[in-house]
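Colleague: I would like to learn how to read a protein model, one feature at a time. Please give me the general idea first and then the case at hand.

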Amino acid sequence: MKFITYLYLLFPVLLMAQIKPVQQDTTAVEYILVEGDSIPQTAIELDEVIMLRKLKFDSKDERIRYLVLKRKTLKVYPYAKLAAERLVALKARLETLESKRAKKRYAKIIQKYIEDEFSAELKKLTRTEGQILVKLIHRQTGKTTFQLIKELRNGWRAFWFNTTASMFDISLKREFDPLHAKEDFLIEDILERAFQDGKLERQEPVVEFDYYDLTTKWLDNKTVEVKQ
């Protein structure tokens, strides 16, 4: 019995005796030199990549509808991106102006610039393309086209009313809601694939949603808990 007790006591010591100490050099650090950059780095930060699922269609008609939606989304996205950029620039500039007269004058300049450059193209949009544009503007700015007109009614009021006058049955209050509307999810999926392929320049949405949760809901038909 005593022999077994001694064996248990000596066993850890025997193990330690068999382990050879390894000398560690705490000063040795590996550096990475990136081509075109003269400053060595210990690590390289990589952009986040979203893993895209393969889309499956139940019928040929469903696939055709997706391809039509894809063509229209890729067509109108640049206009929505421009609207978001102009909105940020407009609001930033207006905040620096003190008088109402100066603000009105500047808004008219923005209106004329956009109308001269893009009005003719926007008037060529179909009803469905116009509605997609309204959704994407909400995606890019967090506000509906109706809200933007109301807030910036000096310069943008005439612009949006003029360019949407020929578009029938379009709701300027329509929001981008990929959580509850499958078409909006498909629009986001189309954009994400275009971003990764380099076909479109990425502009992060202001509207909050989780792409992976949306994929689970719409492609796996699973319930997704709304995050507050």
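Modeller: Take accessibility to begin with, on a single residue: at 35% relative accessibility, Arg53 counts as partly exposed. Keep in mind throughout that this is a predicted model.

Colleague: What does Arg53 pair with in a salt bridge?

Modeller: The general idea is that side chains of opposite charge can pair when their charged atoms come close. Here the side chain of Arg53 meets that of Asp220 in a salt bridge, at 2.6 Å from N to O. Arg53 lies in the loop between α1 (2-18) and α2 (60-96) and Asp220 in helix α8, so the pair ties together parts that are 167 residues apart in sequence. Asp220 is partly exposed, with a relative accessible area of 30%.

Colleague: How many salt bridges does the structure hold?

Modeller: The structure holds 10 salt bridges. One of them joins Glu192 to Arg202, and the closest N and O atoms are 2.8 Å apart. This pair links distant parts of the chain, with Glu192 in helix α7, Arg202 in the loop between α7 and α8, and the two positions 10 residues apart.

Colleague: Is Glu192 buried or exposed? And what about Arg202?

Modeller: To be called buried, a residue needs a relative accessible area under 20%. Glu192 has 3%, so Glu192 is buried. Arg202 has a relative accessible area of 37% and is partly exposed.

Colleague: Which other residue meets Arg202 in a salt bridge?

Modeller: Glu204 does, with 3.9 Å from N to O between the side chains. Glu204 is exposed, with a relative accessible area of 54%.

Colleague: Which residues are linked in a network of salt bridges?

Modeller: A network of this kind links Lys81, Glu85 and Glu201. Lys81 has its place in helix α2 and is buried, with a relative accessible area of 11%. Leaving aside residues up to four places away in sequence, Lys81 touches Gln140, Glu201, Arg202 and Gln203. Arg202 thus appears again, as a contact of Lys81 and as a salt-bridge partner of Glu192.

Colleague: Let us step back to the whole chain. How many helices and strands does the protein have?

Modeller: To read a fold, list its elements in order. This protein has eight helices and zero strands, and from the N terminus on the elements run α-α-α-α-α-α-α-α. Of the 228 residues in the protein, 34% are buried.

Colleague: What share of the contacts comes from residues 24 or more positions apart?

Modeller: Among contacts with a separation of 6 or more, residues 24 or more positions apart account for 73%.

Colleague: Now the helix pairs, please. At what angle do α7 and α8 cross?

Modeller: For a pair of helices, look at the distance between the axes, then the angle, then the residues that meet. The axes of helix α7 (residues 182-197) and helix α8 (residues 211-220) come within 11 Å and cross at roughly 125 degrees. That angle makes α7 oblique to α8, and the crossing is left-handed.

Colleague: Which residues of α7 and α8 meet?

Modeller: On α7 they are Lys182, Phe185, Glu188, Asp189 and Glu192, and on α8 Tyr211, Leu214, Thr215, Trp218 and Leu219. By class, the contact of α7 with α8 comprises five nonpolar, one polar and four charged residues. Glu192 is thus both in this contact and in the salt bridge with Arg202.

Colleague: How do α4 and α7 pack?

Modeller: Their axes are 12 Å apart and the angle is about 70 degrees. Angles from 65 to 115 degrees count as roughly perpendicular, and α4 and α7 are therefore roughly perpendicular to each other. Ile132, Lys135, Leu136 and Arg139 in α4 meet Glu183, Asp184, Ile187, Glu188, Leu191 and Phe195 in α7. The residues of this contact of α4 with α7 divide into five nonpolar, no polar and five charged. Glu188 of α7 appears here and also in the contact with α8.

Colleague: And how do the axes of α2 and α4 cross?

Modeller: The axes of α2 and helix α4 (residues 127-141) come within 8 Å and cross at roughly 45 degrees. That makes α2 oblique to α4. The crossing of α2 and α4 is right-handed, and their contact has 12 nonpolar, four polar and six charged residues.

How values were computed
Residues are numbered from 1 along each chain as its sequence is written. This is a predicted model: local features need pLDDT of at least 70, side-chain atom pairs count only at pLDDT 80 or more; totals for chains, interfaces and linings use all residues. Side-chain values use heavy atoms; hydrogens and water are left out. Axes are lines fitted to C-alpha atoms, for helices over the stretch in contact, and angles run from 0 to 180 degrees between N-to-C directions. Helices (H or I, at least four residues) and strands (E, at least two) are DSSP runs, numbered from the N terminus. Angles under 35 degrees count as roughly parallel, over 145 as roughly antiparallel, 65 to 115 as roughly perpendicular and the rest as oblique. A crossing is left-handed if the near helix is turned anticlockwise from the far one by less than a right angle, and right-handed if clockwise. Contact means heavy atoms within 4.5 Å. Ala, Val, Leu, Ile, Met, Phe, Trp, Tyr, Cys and Pro count as nonpolar, Asp, Glu, Lys and Arg as charged, and the others, Gly among them, as polar. A salt bridge is a side-chain nitrogen of Lys or Arg within 4 Å of a carboxyl oxygen of Asp or Glu. Buried means under 20% relative accessible area, exposed over 50%, partly exposed in between (1.4 Å probe, protein chains only).
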